[in-house]
Each structure stands twice: as C-alpha cells, then as structure tokens.
Amino acid sequence: MYYKGWYHFFYQYNPNGAVWGDIVWGHAVSKDLIHWLHLPLAMVADEWYDMNGVWTGSATILPDGQVIMLYTGFTNESVQVQNLAYPANLSDPLLLNWVKYSGNPVLRPPPGIDSQDFRDPTTAWYTSDGKWNIAVGSKVNKTGITLIYSTEDFKNFELLDGVLYAFPGAGMLECVDFFPVSNTSIEGLDTSINGPGVKHVIKTSLDENRNDYYALGTYDEKAGKWVPDNTTIGLGLRYDYGMFYASKSFYDLHKGRRVLWGWIQESDSEIADVKKGWASVQSIPRTVLLDTKTGTNLLQWPVEEVDSLRLTSKVFDKVEVKAGSVVPLDVGTATQVDIVAEFELDKEALERTAQSNVEFSCSSSGGAAERGALGPFGLLVVADEGLNEQTPVYFYIAKGTDGNLTTFFCVDQTRSSEATDVNKKIYGSTIPVLKDEKFSVRLLVDHSIIESFAQGGRTCITSRVYPTNAIYGAARIFLFNNATEASVTSSLRIWQMNSAFIRPFRPEQDH
C-alpha cells in the first residue's frame with residue numbers, strides 16, 4: 001500500500017531459516033518501488049489465534065485515513081481464522097508498530113468449510129449500501145469458491161448468501177484478488193469502483209498446481225455475483241506462465257495505477273537454499289491494465305520506476321538473422337540488463353509456408369531446438385560463450401490447416417544450467433498478435449531471473465535459472481532463428497542496469 005509518502009510491502013517471512021515454517025510478516029518501505037529499506041518485523045506469531053503462522057492478508061485504507069489490516073492466522077489448534085490489526089500510530093509514516101484487535105479472530109470457518117480451507121482475505125471494497133465487502137478463498141470438495149463477507153466496522157461480519165463465483169475442479173483458491181479495470185482509460189482504478197466502462201478481475205492462486213490464474217467479468221453488486229465474460233475458458237488465463245505465485249495487487253493512489261506483486265519461488269533444491277541462506281524473491285512490480293485492443297486479457301508491464309536503473313545502452317537496428325543461425329550481440333556483461341526487442345518475419349516465407357495440422361505446445365514440444373518452418377526465433381540470454389548454458393526466450397508460429405497463424409511465446413530452461421538439482425521446464429502459451437503488430441518482447445535479466453513481457457505484456461513468463469558458467473562477466477546475449485524457412489529481422493535496444501539498494505532502515509539517517 002501507499003501511505004504518507006512511502007510504499008509499504010508486507011511479506012511472508014521465516015526469520016529462522018531459508019525454508020518454509022515459522023511464518024511471520026516482514027516489512028519494508030520504499031519511495032519508488034525499487035530501492036527498499038527493511039523495517040522491523042510487522043507482525044509475529046504471538047497469540048493463540050496466529051501462533052502457527054501469520055499468513056496472507058490485505059490492507060484497506062478507509063476514506064478517513066484509517067488503515068485496516070486483515071490477515072489469516074493459523075491457530076494453536078491448526079484452524080485458519082481471519083484477524084484484524086491496525087497501526088498503533090497513524091501519524092507514523094513508517095507504521096512501525098501494529099496492534100492486534102483484542103476481539104480476534106473476527107472470522108472463523110463457516111459451517112461446511114474445512115478448518116484448513118479458509119484463508120487470505122482480500123482488500124475490502126465499498127458498496128452502495130454503505131458497507132464494506134471482502135472475499136475469502138475456500139473450497140467445497142474440488143470446487144474452488146470465494147466467500148463474501150459484509151461489514152461496517154471490520155469487527156463484525158455477515159456471510160452473504162451464495163458465493164462470488166465457484167470454479168469447478170479448481171481446488172483451494174489461495175490469495176484471491178478482486179479488482180476493477182477500466183475499458184476506456186489507462187488509469188488504474190480504486191478497488192471500490194464499479195459501473196459502466198468497468199470490468200472486474202477475479203484472480204486466484206491454485207494450491208494444486210502453484211500457478212496464478214485470472215478471469216475477466218462483470219460484477220453485479222446488488223446480487224453479490226460476478227459473471228465471467230467467457231464461460232468456456234473458466235480460469236483459463238494466467239498472469240505469468242513461469243515461476244510466479246501468490247500475487248497481490250493494490251491501488252496506488254499516489255500515481256493512479258494498479259500495481260501487481262508476485263512471488264518468485266526457488267526451483268532448485270532446499271539444500272541449495274539453506275546453503276545460500278535465503279529463498280525466494282519478489283518480482284519487479286507491474287502495472288495492470290485491461291488490453292483494450294483484444295478486450296479479452298490484461299496487460300502487465302514493469303512499473304516506470306524500473307527505468308531509473310538504466311545506465312548505458314546499445315542499439316542494434318534491423319539485424320538480419322537467417323534461418324538456422326545464431327548472432328552474438330556485443331553488449332559486454334549481460335547479467336543485469338533491460339532488453340527491448342522487435343522481430344519481423346520474412347513475409348514471403350510466411351505466405352509460402354505450407355499449412356500443417358501438427359499440434360504445438362511450448363511445454364510438450366522440443367523447446368528451442370525443435371525446428372519449424374516459422375520458428376523458433378528470439379533471444380538467448382544468460383548464455384555463456386560456448387552456448388553450453390543458455391536460456392532461449394522465443395516466438396514460434398504455427399500455420400494451421402485453415403491457413404491461420406497461431407503464435408506461441410515460450411522460454412526454454414532445459415539448457416539454462418549445468419547444475420543437476422534445478423527445474424528445467426519449458427514454459428509458455430499462445431499469444432494474440434494482431435494484424436500489423438510486430439513481434440515484440442521486453443526482458444528484465446537479473447542474474448538468476450528473467451522476466452519476459454511479450455506484445456506489451458499480453459503474455460508474461462518469469463524464469464528462474466541457475467547458471468554455473470554464464471555468470472557475472474561471462475554472461476552473453478545472442479539472437480537466434482531456428483526456423484527452417486523464414487529469415488527474421490530484429491531491432492533491439494539493450495540497457496545495462498544498475499543495482500537497486502536494499503538495506504536496513506537507519507532511523508537517524510533515513511527519516
């Protein structure tokens with residue numbers, strides 16, 4: 001949340017080791033979402049109703065300036081309950097001290113809900129009857145549901161009839177987020193906005209496969225129901241097709257935008273985490289908007305403040321990459337870079353390529369090494385000189401028997417590291433590419449992480465790679481085109497990126 005000049009970030013944290021367990025709330029503040037100062041722990045597990053964990057929650061800033069924090073506590077009897085906390089001193093911009101409400105818990109699992117299937121309250125939204133609503137994730141059998149509660153004072157709650165929406169087969173809905181997006185403006189919307197020109201997003205993290213999904217629809221506040229735009233795909237869209245989970249958005253009233261945070265887990269071994277002494281990072285914060293060109297998906301893009309880390313840049317204009325070739329890009333060290341690239345495919349090759357009924361999918365096909373008439377083509381990042389380690393980020397185009405083109409955007413981690421204890425999956429999905437659009441991608445490369453944003457953020461992939469050779473000064477970038485028939489022309493700009501500073505807050509210097 002944004003409060004009195006500072007962005008506040010609260011996060012799940014184990015102070016006793018780089019493994020799951022002993023979960024409390026860490027707390028950091030920033031002026032710009034990039035450089036962060038660690039504050040003392042915000043909330044620890046010191047009451048019967050949260051002694052087994054201070055879990056996910058959400059902040060709501062009321063019109064009178066009050067800050068309401070609702071969070072899930074895991075009780076001494078292993079029951080998930082919702083608790084209320086608030087700042088001890090609203091005049092402190094750092095919100096260093098938090099008070100847990102003496103009447104906690106304010107919510108317990110309702111009848112018919114398992115004691116361990118009731119968690120992660122959302123930010124509240126204001127309704128036309130003068131009350132606040134929150135959603136809490138749950139499930140009944142295999143159906144994921146969002147329970148809606150109404151309150152006037154955040155201490156007494158009424159469970160509303162029915163559910164906001166039910167997703168059959170989804171299982172437990174974690175970290176539910178519910179927010180409006182405008183279909184007429186590029187401004188973000190406060191969580192309570194509704195009416196004409198507004199769609200509502202339901203986002204959930206699925207416990208069963210550890211991925212974040214969302215759907216667009218219309219919120220009928222009077223009926224307390226959300227109706228999806230597309231009933232056939234259900235939770236068919238993902239924020240991110242890689243390592244990205246338990247995300248949460250907030251309305252940034254300072255800049256009038258909706259900002260999304262995601263958790264990037266480790267995908268090496270727990271032994272490696274313990275050895276390095278830390279586990280997990282946050283993604284770069286992203287702005288979230290409705291893609292008004294398609295109307296069917298969201299756009300995510302790194303917050304503009306990331307650009308402040310850009311240092312020197314190199315421009316590569318109209319580089320031709322012939323079918324079956326690899327082109328090195330001389331940018332020096334390539335472990336902290338921001339890459340903006342566009343690709344144009346040879347139109348004649350596009351037209352003469354035969355139609356095919358071969359099914360393609362990023363995850364089940366042969367990765368960047370599998371050659372097709374029109375792809376794969378893209379970039380090799382976090383690569384060493386001999387390409388023993390490389391992470392291809394690429395487009396692949398399939399021409400169906402109807403003559404139509406389907407574009408896929410993928411990241412292949414199969415050769416990302418010579419280490420044996422790491423995840424080497426291939427991630428990706430189809431992506432809408434509209435008439436007259438070039439194939440475009442932005443990559444933020446940061447040592448072991450690559451965040452990829454294709455077509456302005458229609459499809460995003462966060463990759464967690466653990467190179468052993470392609471590190472520091474040995475990391476390189478290449479263009480590649482593994483198509484069999486089409487050459488590709490690419491134009492790029494690549495910035496070296498400065499480091500963000502992240503350190504403990506020093507009261508005598510930082511106020």
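**Cysteines in a predicted model**

Me: How many disulfides does a search of the whole structure find?
Reply: The search finds 1 disulfide in the whole structure. Keep in mind that this is a predicted model.

Me: Which cysteines form the disulfide?
Reply: Cys-362 and Cys-410, with their sulfur atoms 2.1 Å apart.

Me: Left-handed or right-handed, that link?
Reply: The link of Cys-362 and Cys-410 is left-handed, with -65° about the S-S bond.

Me: And where in the chain are the two?
Reply: In distant parts, 48 residues apart. Cys-362 is in the loop between α2 (347-352) and β28 (374-383), while Cys-410 belongs to strand β30 (residues 405-412).

Me: Is Cys-362 buried or exposed?
Reply: Cys-362 has 3% relative accessibility, so it counts as buried. Cys-410 is buried as well, with a relative accessible area of 0%.

Me: OK, other cysteines. What is the nearest cysteine sulfur to Cys-175?
Reply: That of Cys-460, 18 Å away, and Cys-175 is in no disulfide.

Me: Buried or exposed, Cys-175?
Reply: Cys-175 counts as buried because its relative accessibility is 8%.

Me: What about Cys-460, why no bond to the closest cysteine sulfur?
Reply: The closest cysteine sulfur is in Cys-362, and it is 14 Å from the sulfur of Cys-460, which is too far for a bond. The cut-off for a disulfide is sulfur atoms within 2.5 Å.

Me: And the accessibility of Cys-460, what is it?
Reply: Cys-460 is at 0% relative accessibility, so it counts as buried.

Key
Residues are numbered from 1 along each chain as its sequence is written. This is a predicted model: local features need pLDDT of at least 70, side-chain atom pairs count only at pLDDT 80 or more; totals for chains, interfaces and linings use all residues. Side-chain values use heavy atoms; hydrogens and water are left out. Helices (H or I, at least four residues) and strands (E, at least two) are DSSP runs, numbered from the N terminus. Buried means under 20% relative accessible area, exposed over 50%, partly exposed in between (1.4 Å probe, protein chains only).
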